[in-house]
Structure formats: structure tokens, C-alpha cells
Amino acid sequence: MHETETLPGEPTQPYTPTFDTGEFEAPAPAPELPAPHAQPIVVPGDYQYLKRWLFALVLAAVWVPSAVSGWFLYDWWYQSLDKTAPVFVVLLFVIFSTVGGLLTAMAPRPAWSALALAFMSAPLAAVAGAAVLHGIYYCEWANRCLVGLIPY
């Protein structure tokens, strides 16, 4: 079939629809109201933020026991012949601190959020405590150590 041929019954002109504009009227636009300004909700006696000293206090309250536990866990691991039990306890420590941090993070208060951050970073404090003990153990065998902790 050629492009110039047309089928029977097919119009030869392009179809242009006709619109009847008199039947329906468009509704008038609603008057535009000014957008309300967002105001923060302030509950009397409840802080929306946490003071730096309180944040540091919450971190210290969790990190100091975590560092001590890291110290003792590393000492237990270093002294034991079978490493299975110390490694399992370290795994439990990491799991409990992570789950505790996630559950604490659901509380809507700033102090609880700081506690959640402290719980989530508790394994870091435990590693820092274990690193100090590792430096002490290593410096027993090394020739030169800075302050008895850092071999060089």
C-alpha cells in the first residue's frame, strides 16, 4: 500500500475536534490564604536539646565501665588457653550494646538519645581499654616504649 492511497471511508483531512465551551464553567479559584508560619512546639520544663556537659557526663557514665570491661575481657582472652569463651562473651557484649543502643534510640527525649549514642559506641570504649592493656603487655617484650604503653 502506498502512502498516497487511502482506504474507503477514511477521511482525507486531519481530524480536528470541536469543543463546546458553553456547557461547563470552570469554578472560581479559591482565595489564596497566607501560609501559616511553622512554630516549634515547646513543652515547658522539657529541653529540646542536651547541654554539652550532660552529654559528656552520659558518655562518661557508659564509656568508663565499657573501657574497664574491655580491659578485663582482653586480659581474660590473653590469659586463657581456650579462646572460645572470651570471644563469645565479647560477641555478647557487642550484641547487647548494639541492641540496647537501638532500643534506647526510640525514646523521644534528648538524654535518652545521648544514652543511645553512648551504648552504640561502647564497643569503641572497650577497644580503647583493651588497647591500653595490649600496649602494656607488648611493652614488656619491646626494647623501647613511650610512657610504657606505645612501642616505637
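Biologist: How many helices and strands are there in the protein chain?

Modeller: A good way to begin is to count the elements and then read their order. In this predicted model, the protein chain has 4 helices and 2 strands. Starting from the N terminus, the order is α-α-α-α-β-β.

Biologist: Next, burial. What share of the residues in the protein chain is buried?

Modeller: Burial is read from relative accessible area: under 20% a residue is buried, and over 50% it is exposed, with partly exposed in between. Of the 152 residues in the protein chain, 18% are buried. You can also look at the surface as a whole: its accessible area is about 12,700 Å², and 69% of that belongs to carbon and sulfur atoms.

Biologist: How do I read contacts along the sequence? What share of them joins residues at least 24 apart?

Modeller: The idea is to ask how far along the chain the partners sit. Take the contacts between residues at least 6 apart in sequence: 55% of them join residues at least 24 apart. We will meet some examples in helix α1.

Biologist: Let's go there, then. Is tyrosine 74 buried or exposed?

Modeller: Tyrosine 74, a residue of helix α1, has a relative accessible area of 16%, so it counts as buried. Now look for its partners beyond the neighbours within four places in sequence: they are Ala130, Leu133, His134 and Tyr137. As for backbone distance, the C-alpha atoms of tyrosine 74 and glycine 129 are 8.5 Å apart, although 55 residues separate the two along the chain.

Biologist: And tryptophan 71? Which residues is it in contact with, leaving aside its neighbours within four places in sequence?

Modeller: Tryptophan 71 also belongs to helix α1. Its contacts, with those neighbours left out, are Gly129, Ala130, Val132, Leu133 and Ile136. Its relative accessibility is 30%, so tryptophan 71 is partly exposed. Between the C-alpha atoms of tryptophan 71 and valine 127 there are 8.1 Å, with their places 56 residues apart in sequence.

Biologist: Why does tyrosine 78 count as partly exposed?

Modeller: Because its relative accessibility is 36%, and the range for that class runs between the cut-offs for buried and exposed. Tyrosine 78 is in helix α1, and beyond the neighbours within four places it touches Lys83, Tyr137 and Trp141. From C-alpha to C-alpha, tyrosine 78 and histidine 134 are 9.1 Å apart in space and 56 residues apart in sequence.

Biologist: Is there a general rule for which way residues in a helix point?

Modeller: Yes, a handy one: an α-helix has 3.6 residues a turn, so residues three or four places apart point the same way. Keep that in mind while you look at a patch on the surface. Phe88, Leu91, Ile95, Phe96, Val99, Leu103 and Met106 form a nonpolar patch there, with about 750 Å² of accessible area together. Phenylalanine 88 sits in helix α2, residues 84–104, and with a relative accessible area of 48% it is partly exposed.

Biologist: Which residues of helix α3 are buried?

Modeller: Helix α3 covers residues 110–120, and its buried residues are Pro110, Ala114, Ala116 and Ala118. To understand burial, ask what provides the cover: here this includes α1, α2 and α4. Alanine 118, in helix α3, is a clear case to study: its relative accessibility is 0%, so it counts as buried. Neighbours within four places aside, alanine 118 is in contact with Val58, Leu59, Val62 and Trp63. Its C-alpha atom lies 9.9 Å from that of glycine 100, 18 residues away in sequence.

Biologist: What about threonine 104? Is it buried or exposed?

Modeller: Threonine 104 has a relative accessible area of 9%, so it is buried. This residue of helix α2 is in contact with Trp112, Leu115, Ala116 and Phe119, once the neighbours within four places are left out.

Biologist: Last one: pockets. What is the volume of the largest pocket?

Modeller: For a pocket, read the volume and then the lining. The largest pocket has a volume of about 220 Å³. Its lining consists of 13 residues, and Leu73, Val90, Ala126, Val127 and Ala130 lie nearest the centre. Two or more lining residues come from each of α1 (52–79), α2 and α4 (122–141).

Biologist: Which element gives the most to that lining?

Modeller: That is α2, which gives 5 residues to the lining of the largest pocket.

Methods:
Residues are numbered from 1 along each chain as its sequence is written. This is a predicted model: local features need pLDDT of at least 70, side-chain atom pairs count only at pLDDT 80 or more; totals for chains, interfaces and linings use all residues. Side-chain values use heavy atoms; hydrogens and water are left out. Buried means under 20% relative accessible area, exposed over 50%, partly exposed in between (1.4 Å probe, protein chains only). Contact means heavy atoms within 4.5 Å. Accessible areas come from the Shrake-Rupley method with a 1.4 Å probe; for residues, only the protein chains shown count as cover. Patches are made of residues with over 30% relative accessible area and no salt bridge: like charges are joined within 9 Å, nonpolar side chains (Val, Leu, Ile, Met, Phe, Trp, Tyr) within 5 Å. A salt bridge is a side-chain nitrogen of Lys or Arg within 4 Å of a carboxyl oxygen of Asp or Glu. On a 1 Å grid over the protein atoms alone, a cavity is a set of points where a 1.4 Å probe fits but cannot get out, and a pocket is an open set with protein on both sides within 12 Å along at least five of seven lines; lining residues have an atom within 4 Å of a point. Grid points are joined across faces, edges and corners, and a volume is the space filled by probe spheres set on the points.
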